[in-house]
Amino acid sequence: MPAAKSRTPAPAGRSKAATPDLVAGPSNGEDTGTGSGLRIVTSAHLVSAKSPELSEFEFGLIIAAHAFNRWMIRCMSAAGVKDMAPVDVLVLHHTNHRGSEKRLSDICFVLNIEDTHVVSYALKKLMGAGLVSSTKRGKEAFFSTTPKGQTLCADYRTVRESCLMPGFSGAEEENERIGDAARLLRTLSGRYDQAARAATSF
């Protein structure tokens, strides 16, 4: 595996480890979007010759995930409810999805959350806030949004349309790229899940 070399000095007053590295791209000199054939990564020691692009993707995934979490919190706050955690927002929206009742296991499965206690705690908070209600059928509980929860989801959509969507052109080409990225994320999530199961046998 070729050694990954840092190409950018650390900014004054900050340690080199606090900034992402630019590492050498493929040997054929393919440009990766930086304009110099270099890849932006945050863990150069993990770059593999099999797919250096994956390390660049992982860095993008890390910063996008944190940005998305911040966005959900701020959007929900603007919609009228403060101090909700990202998982609370995700659980609320999926519970409201298509107006159908959901079981705890359904919510965990769709959101790919392994720890059911995380979702169970979020549901308890949402019920305490009057946003979600539950009904018992046999031994299972089914969850749905209350009218207050439905209104909050609609208000969230209004803020989303106002603050997030103006940044998108709506052009067919742009939407196709977003769709391709979504399909890639779903594919890679399966590979990471499979790798996580394999790692448990070590």
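**Exercise 1. Find the residue just after α1 and give its phi.**

Step 1: Go to the end of α1; the residue to look at there is glycine 80, which sits just after the helix. Step 2: Read off the backbone angle, and you get a positive phi of about 125 degrees. Keep in mind throughout that you're working with a predicted model.

**Exercise 2. Check whether the length of α1 fits its residue count.**

Step 1: α1 covers 52–79, and it has 28 residues. Step 2: At 1.5 Å a residue, the helix should span 40 Å. Step 3: The end C-alpha atoms of α1 are 41 Å apart, which agrees with that expectation.

**Exercise 3. Track down the positive phi values in residues other than glycine, and say where they sit.**

Step 1: Start with aspartate 83, where phi is near 65 degrees, a positive value in a residue that isn't glycine. Aspartate 83 belongs to the loop between α1 and α2. Is aspartate 83 buried or exposed? With a relative accessibility of 78%, it counts as exposed.

Step 2: Move on to arginine 98, just after α2. Its phi is positive at about 60 degrees, though arginine 98 is not a glycine. You'll find arginine 98 in the loop between α2 and β3 (102–103). Its relative accessibility is 74%, so it counts as exposed.

**Exercise 4. Lay out the overall fold as a string of elements.**

Step 1: Count the secondary structure: there are six helices and five strands. Step 2: Put them in order from the N terminus, which gives β-β-α-α-β-α-α-β-β-α-α. Step 3: Add two bulk numbers. Of the 202 residues in the protein, 25% are buried. Among contacts with a separation of 6 or more, 39% are between residues 24 or more positions apart.

**Exercise 5. Work out what is buried in α1 and α2, and what α1 packs against.**

Step 1: List the buried residues of α1: Pro52, Ser55, Glu56, Phe59, Trp71, Met72, Cys75, Met76 and Ala79. Step 2: Look across from them, and their packing partners turn out to be β2 (38–41), α2 and α5. Step 3: Do the listing again for α2, where Asp88, Val89, Val91, Leu92, His94 and Thr95 are buried.

**Exercise 6. Describe the largest nonpolar core.**

Some background first: in soluble globular proteins, nonpolar side chains tend to be buried together.

Step 1: The largest nonpolar core holds 23 residues, and those touching the most other members are Met76, Val91, Leu92, Val119, Leu123, Leu126 and Tyr156. Step 2: Sort by element; α1, α2, α3, α4 (116–128) and α5 each put in at least two residues. Step 3: Which element gives the largest share of this core? That's α1, with five residues.

Step 4: Zoom in on one hub. Leaving out residues up to four places away in sequence, leucine 126 touches Met84, Asp88, Val91, Leu92, Leu131 and Val132.

**Exercise 7. Characterise the largest pocket.**

Step 1: Get the volume, about 1600 Å³. Step 2: Collect the lining, which comes to 34 residues, with Phe68, Met72, Leu90, Ala182 and Leu185 nearest the centre of the pocket. Step 3: Assign the lining to elements: two or more residues come from each of α1, α2 (86–96), α3 (104–111), α5 (147–163) and α6 (172–199). The largest share is from α6, at 11 residues. Step 4: Split the lining by class to get 24 nonpolar, six polar and four charged residues.

**Exercise 8. Repeat the analysis for the second largest pocket, then place leucine 54.**

Step 1: The volume of this pocket is about 310 Å³. Step 2: Its lining has 13 residues, and Leu54, Phe57, Glu58, Leu188 and Tyr192 are the closest to the centre. Step 3: α1 and α6 are the elements that give two or more residues to this lining, and the largest share, seven residues, is from α1. Step 4: By class, the lining of the second largest pocket splits into seven nonpolar, two polar and four charged residues.

Step 5: Now for leucine 54, which is found in helix α1. Its relative accessible area is 33%, so leucine 54 is partly exposed; the bracket for that label runs from 20% to 50%. Step 6: Finish with a distance: leucine 54 and valine 41 are 13 residues apart in sequence, and their C-alpha atoms are 9.4 Å apart in space.

Notes
Residues numbered from 1 in each chain as written. Predicted model: local features only at pLDDT ≥ 70, side-chain atom pairs only at ≥ 80, totals over all residues. Heavy atoms only, no water. 1 Å grid on protein atoms, 1.4 Å probe; cavity = no way out; pocket = protein on both sides within 12 Å on 5 of 7 lines; lining within 4 Å. Points joined across faces, edges and corners; volume = space filled by probe spheres on them. Helix = DSSP H or I, 4+ residues; strand = E, 2+ residues; numbered from the N terminus. Nonpolar A, V, L, I, M, F, W, Y, C, P; charged D, E, K, R; others polar. Expected span 1.5 Å × (residues − 1). Buried < 20%, exposed > 50% of the residue type's maximum accessible area, 1.4 Å probe, protein only. Contact = heavy atoms within 4.5 Å. Core = buried A, V, L, I, M, F, W, Y, C linked by side-chain atoms within 4.5 Å.
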